[in-house]
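The following exercises are meant to be worked through with the coordinates open. Each task is followed by a solution that proceeds step by step.

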Amino acid sequence: MSTRWKAARIIAGPIFGIDDLGWGDIGLALFLTFFAVANVTHGHSGGHQLDAGWTGALAVLLMTLPVAFARKRPLVAAAVLAGGALFNWVVIGHYVRCGATLPAVFYMAFVVGSRCRGWGRCIGEGLVMASILVQCASDPQLYPISNALYFIPISLAFLGAGYLLHRRNVTVEALRVRTLELQVQRERNAALAVEADRGRIAGDLDGYLHDKVQQIAAAAAAGQESLASEPGQAADAFVTIQGTGRETLTHMREVVGSLQDEAPAGPQPVLAQLERLLAQSDEVDVRLHISGDPRMLPPGLELSGYRIIEHLLDTLEEDHAAEASVEVVFGTDALELKVVGPSVRESSARPALAAATERANLHGGTVRSGMRDGLRETLVLIPLAPGTV
């Protein structure tokens, strides 16, 4: 690229928008230019000579090439088109162009409608009308000037089409922004729900530990009183202390582990993702059944329902030849979760059931679990507030 071209591009680029032209803009401008030059320099129409010479061919470029930067600088392009038409009329005079540059004018009206705002749109269409009037006055094939009454409505139609495209783009952009805002808000609500759950679990853990410590203190006091007179009763008290302490530690490990696992690092899982959870399960072949009125529940309920099913899967035996079922019922006033399948040992199932119960209790729910026909059947009921969606 020559130094002169670089300098011209630096100076004229920001004004005319030629510093970032697209190939589509350039191609359209070249096509319209070729069409106009061909009509100006060749052919006949009745008694009129179409050949205006290369002077006319060069002058007509002012009425086509501005299309290249019309989308970047619509008002500047419209002004150049109108000025080019006036220049052709004053300098070149009357000769037949057969309206070869009218397509550029109509395209200019469309761009003004889609790119300009308010008064800018009015000014742009005024320049388009001026260009049409000048062409009708200077081109014998379009003369008299009253023929502009046919072309101006066409330009207004192109202007309206451009405006409709502009409104459509504005609506699409607004919907896109709104969708992103709703997505961010949903993730934020889910994070807040998780934090609220963690706070409630921590509060429940504090109450649980308080009760257990009181039980241990009571058992220790009873053991101390009966240590001398009734050694057997004292031994039972110490066994009770040992069992309560181990149970408390186990429960604390489960709750703390649950809190650590649920640190929100991204979008929280929901009930709609249960099918993927069951497909990744290493336990028995689990079938999922969903009934009722499936709908999106509040983020805290969605997360707790998912976690409850996750905990209850840990109560199932790892036997790929066996079958199990997970049933989710979306009721009007309650969410019902039911897991049926071959169970692990009671001692192994207890921590998972305790974690599921903690989750259900956060929402005022209940958990019932027992053996029936050799299978463990666990039913979780979580009440739903009226109008929960």
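**Exercise 1.** Describe the protein chain as a whole, beginning with how its contacts are distributed along the sequence.

*Solution.* Of the contacts in the protein chain that link residues at least 6 apart in sequence, 72% join residues at least 24 apart. The model, which is predicted, has 11 helices and seven strands in this chain. Turning to burial, 40% of the 389 residues in the protein chain are buried. As for its surface, the chain exposes about 21,300 Å², and carbon and sulfur atoms supply 61% of that area.

**Exercise 2.** Locate F110, classify it as buried, partly exposed or exposed, and list which residues it touches beyond its sequence neighbours.

*Solution.* Begin with the secondary structure: F110 belongs to helix α5, which spans residues 102-115. Next, consider its accessibility: F110 counts as partly exposed because its relative accessible area is 26%, whereas a buried residue would have to fall under 20% and an exposed one would have to be over 50%. Then, once neighbours within four places in sequence are set aside, the contacts of F110 are F158, L159, A161, G162 and L165. Finally, a distance along the backbone can be added, since the C-alpha atoms of F110 and E125 are 9.4 Å apart, with the two residues separated by 15 residues along the chain.

**Exercise 3.** Identify which residues form a nonpolar patch on the surface, and place V91 within its helix.

*Solution.* The patch consists of L62, L86, F87, W89, V90 and V91, which together have about 540 Å² of accessible area. One of these residues, V91, lies in helix α4, which covers residues 74-92.

Definitions and conventions:
Residues are numbered from 1 along each chain as its sequence is written. This is a predicted model: local features need pLDDT of at least 70, side-chain atom pairs count only at pLDDT 80 or more; totals for chains, interfaces and linings use all residues. Side-chain values use heavy atoms; hydrogens and water are left out. Patches are made of residues with over 30% relative accessible area and no salt bridge: like charges are joined within 9 Å, nonpolar side chains (Val, Leu, Ile, Met, Phe, Trp, Tyr) within 5 Å. Accessible areas come from the Shrake-Rupley method with a 1.4 Å probe; for residues, only the protein chains shown count as cover. A salt bridge is a side-chain nitrogen of Lys or Arg within 4 Å of a carboxyl oxygen of Asp or Glu. Helices (H or I, at least four residues) and strands (E, at least two) are DSSP runs, numbered from the N terminus. Buried means under 20% relative accessible area, exposed over 50%, partly exposed in between (1.4 Å probe, protein chains only). Contact means heavy atoms within 4.5 Å.
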